[in-house]
Amino acid sequence: MTAAPPAEAHAVEVTALRRAWGGRVVIDGLDLSIRRGEFVALLGESGCGKTTLLRAIAGLDPVANGRIALDTGARPAVVFQEPRLLPWASLWRNVALGLDRPDARARAQAALAEVGLGDRLDDWPRRLSGGQAQRVALARALVQQPTLMLLDEPFAALDALTRIRMHALVRELVARHRPGVLLVTHDVDEALALADRALVMRNGRIAAGHAITRATAALPPLRATLLAELGVGARADSSAET
Ligand SMILES: Nc1ncnc2c1ncn2[C@@H]1O[C@H](COP(=O)(O)OP(=O)(O)OP(=O)(O)O)[C@@H](O)[C@H]1O
């Protein structure tokens with residue numbers, strides 16, 4: 001697909017973003033930037049505003065305050081927890097949705113091949129396993145050749161083995177196409193397995209950020225730090241006493 005862009009290009013820059021629901025401020029002056037080719041995981045306790053942020057960047061909700069600058073102006077590709085496939089459309093048509101061009105089928109086939117479903121073009125969503133359906137959702141995102149991919153807990157509903165396979169696939173796809181990635185996840189280990197940087201969201205902002213190296217010795221202390229920042233370390237300690 002597209003050639004790798006210069007490493008310094010920003011996939012998205014979010015500046016002073018603010019978002020309230022019914023008078024309750026959920027995002028409060030948040031700044032965030034993601035470079036192309038950079039994989040960023042966003043952690044934070046339930047209800048802290050991760051999905052609200054992702055939907056704002058995706059352009060799914062209007063933004064009244066702050067600025068969201070996408071490098072090409074193109075809409076990011078989004079993958080949700082559920083695959084959201086159209087049941088009445090074949091797999092290739094699901095993937096090609098929104099591609100208004102004569103080679104749509106060929107492009108959908110190439111994207112399906114990349115997720116290991118190149119021989120299932122004319123098959124139907126109802127005949128897929130959960131993992132396969134999520135692969136189609138990934139193909140639907142890839143076919144847009146996005147410079148930014150937004151992943152909202154895309155592996156949370158999968159069994160552990162399928163999740164590990166999907167991790168390997170996503171790492172491979174991101175390494176090949178080098179979009180910027182924002183992954184919302186509850187799973188610290190998933191963040192450590194996939195991302196270059198882990199961010200913790202709290203009180204409507206990015207409260208902490210950590211670069212992730214794959215050096216084996218660095219991962220356990222970073223895992224402990226992230227759990228403590230998420231307030232889980234303290235709870236785990238106190239429950240261990242009971
Ligand atoms: N459409 C909506 N209308 C009103 N309030 C909303 C709406 N969407 C989200 N909220 C509120 O905004 C806050 C943040 O929600 P959000 O879904 O962004 O959190 P989250 O960090 O993604 O949570 P989780 O990890 O549980 O998915 C919550 O208090 C939620 O109730």
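Author: Let's start with handedness: a crossing is left-handed if the near helix is turned anticlockwise from the far one by less than a right angle, and right-handed if clockwise. Keep in mind that we're looking at a predicted model.

Reader: Okay, so in which sense does H4 pass H5 here?

Author: H4 passes H5 in a right-handed crossing.

Reader: And how do I describe the packing of two helices?

Author: You give the angle between their axes and the distance between the axes. Here, helix H4 (residues 130-142) and helix H5 (residues 160-177) pack at about 15°, and their axes are 11 Å apart. Angles under 35 degrees count as roughly parallel, so H4 and H5 are roughly parallel to each other.

Reader: Which residues make the contact?

Author: From H4 you have Gly-131, Gln-134, Leu-138 and Leu-142, and H5 brings Thr-162, Arg-165, Met-166, Leu-173 and His-177. Sorted by class, that contact has four nonpolar, four polar and one charged residues.

Reader: Moving on to the ligand, what sits around it?

Author: Trp-21, Gly-22 and Val-26 are there, along with Gly-44, then Ser-46, Gly-47, Cys-48, Gly-49, Lys-50, Thr-51 and Thr-52. Helix H1 (residues 50-58) gives the largest share of this shell, with three residues. The class tally for the shell is three nonpolar, seven polar and one charged.

Reader: Where should I be careful with the coordinates?

Author: Where pLDDT is low, don't read the predicted coordinates in detail. The protein's mean pLDDT is 90, with 93% of its residues at 70 or more. Over residues 235-242, though, pLDDT is below 50, and this stretch has zero contacts in the model beyond near neighbours in sequence. As for scores, the model has ipTM 0.96 and pTM 0.90.

Methods:
Residues numbered from 1 in each chain as written. Predicted model: local features only at pLDDT ≥ 70, side-chain atom pairs only at ≥ 80, totals over all residues. Near = placed C-beta within 6 Å. Helix = DSSP H or I, 4+ residues; strand = E, 2+ residues; numbered from the N terminus. Nonpolar A, V, L, I, M, F, W, Y, C, P; charged D, E, K, R; others polar. Axes fitted to C-alpha atoms, helices over the stretch in contact; angles between N-to-C directions. Parallel < 35°, antiparallel > 145°, perpendicular 65-115°, else oblique. Contact = placed C-beta atoms within 7 Å. pLDDT = per-residue confidence, 0-100.
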